[in-house]
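Me: Could you take a close look at one part of this structure for me? I'd like to follow the contacts of one residue and then see what sits around it.

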Amino acid sequence: MIAAKSQVALGRRAPVRGQRAVCAATARPTWLPGLNPPAHLKGNLAGDNGFDPLGLGQDEGRLKWYAEAEKTNGRWAMMAVTGILGQELLGVSPSWYEAGAKEYDIPATPLTAIEFIVMGFLEIKRYQGFKTTGTSGFINSFPFDPAGLNSASMATKEVKNGRLAMVAFVGFATQALVTRTQPIEGLTKHLSDPFGKNITYYVTHLPEVLAGTA
């Protein structure tokens, strides 16, 4: 009796006999609903939905670096996807997957050397800044946030868009390899003939596709 009164006094209703008591708990979202996330993923990283099937993040130090690496690759993928779609929409020739074979004003050998020097410098500065500050940046600016958008919600959105862009780039590359078409071109062909221009057709006619006669 006293216990029941105490429950009422605290604003809680005592459970009725035969009724199961339910504890209200707020569970963080996971990549698969109802899944228990690994113990080393505590939800404090942007985009952490408990996905680590290989257990790569069990080392806390490496986990932070892996998160930084994922974000960096996601940024490159977002730029690549934007460039691929923009190049096709603007009608720039040749197609993105043939651009590497094109002759440019600077020969390939010195161009590669310049890229190694420039990208090597930027990557070294990025690594040094990350080790010192634990944040992403550019040259000596950590964090790099000229637009003033640095926030927890924007960090999560960036990671999610980066992951989507990485998947999209893999799709673009696979499409180019199998069908020899660009993203919008392949979509247009499929929509105009869904039963004739699909993955089954391209796989079963791969020699003709690669020869450009399909």
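Reply: Let's start with Thr 135, whose side chain makes a polar contact with the side chain of Thr 133 at 2.9 Å. Keep in mind that this is a predicted model, and the distances here are computed from it.

Thr 135 sits in the loop that runs between helix H3 (108-133) and helix H4 (152-179). Is it buried or exposed? Neither, quite: Thr 135 counts as partly exposed because its relative accessible area is 27%, and the buried class stops under 20%. Leaving aside residues up to four places away in sequence, Thr 135 touches Gly 129, Phe 130, Phe 142 and Pro 143. There's also a long-range neighbour to look at: the C-alpha atoms of Thr 135 and Glu 68 are 8.1 Å apart, though 67 residues separate the two along the chain.

Glu 68 brings us to the packing of H2 against H3. The axes of these two helices come within 12 Å and cross at roughly 140 degrees, and the crossing is right-handed. On the H2 side the contact is made by Lys 64, Trp 65, Glu 68, Thr 72 and Trp 76, and on the H3 side by Met 119, Arg 126, Tyr 127 and Phe 130. So Phe 130 turns up twice, because Thr 135 touches it and it is also part of the H2-H3 contact.

Now for the charges. Glu 68 and Arg 126 belong to a network of salt bridges that also takes in Lys 71 and Glu 123. Within it, Arg 126 pairs with Glu 123, their closest N and O atoms being 2.8 Å apart. These two are three residues apart in helix H3, so about one helical turn separates them. Arg 126 is buried, with a relative accessible area of 13%, whereas Glu 123 is partly exposed at 35%.

H2 has a link to H4 as well. Arg 163 and Glu 70 meet through their side chains in a salt bridge of 2.7 Å, N to O. With Arg 163 in helix H4 and Glu 70 in helix H2, the pair ties together parts that are 93 residues apart in sequence. Both partners are partly exposed: Arg 163 has a relative accessible area of 29% and Glu 70 one of 28%.

Further along H2 (residues 60-89) you'll find Glu 88. Glu 88 is buried and yet has no salt bridge, the nearest side chain of opposite charge being Lys 189, 9.5 Å away. A salt bridge needs the nitrogen within 4 Å of the carboxyl oxygen, so that distance doesn't qualify. What does Glu 88 have instead? A polar atom of its side chain lies 2.7 Å from the backbone nitrogen of Glu 185. Glu 88 also touches Gln 182, Pro 183, Ile 184 and Glu 185, again not counting residues up to four places away in sequence. As for Lys 189, its side chain meets that of Glu 185 in a salt bridge (3.5 Å, N to O); both lie in helix H5 (residues 183-192), four residues apart.

Zooming out, the whole structure has six salt bridges, and the chain has seven helices and zero strands. Of its 214 residues, 19% are buried.

Definitions and conventions. Residues numbered from 1 in each chain as written. Predicted model: local features only at pLDDT ≥ 70, side-chain atom pairs only at ≥ 80, totals over all residues. Heavy atoms only, no water. Buried < 20%, exposed > 50% of the residue type's maximum accessible area, 1.4 Å probe, protein only. Lys, Arg positive; Asp, Glu negative; His and termini not counted. Polar contact = N/O pair within 3.5 Å; in protein donor to acceptor, adjacent residues only side chain to side chain. Contact = heavy atoms within 4.5 Å. Axes fitted to C-alpha atoms, helices over the stretch in contact; angles between N-to-C directions. Left-handed = near helix turned anticlockwise from the far one by under 90°.
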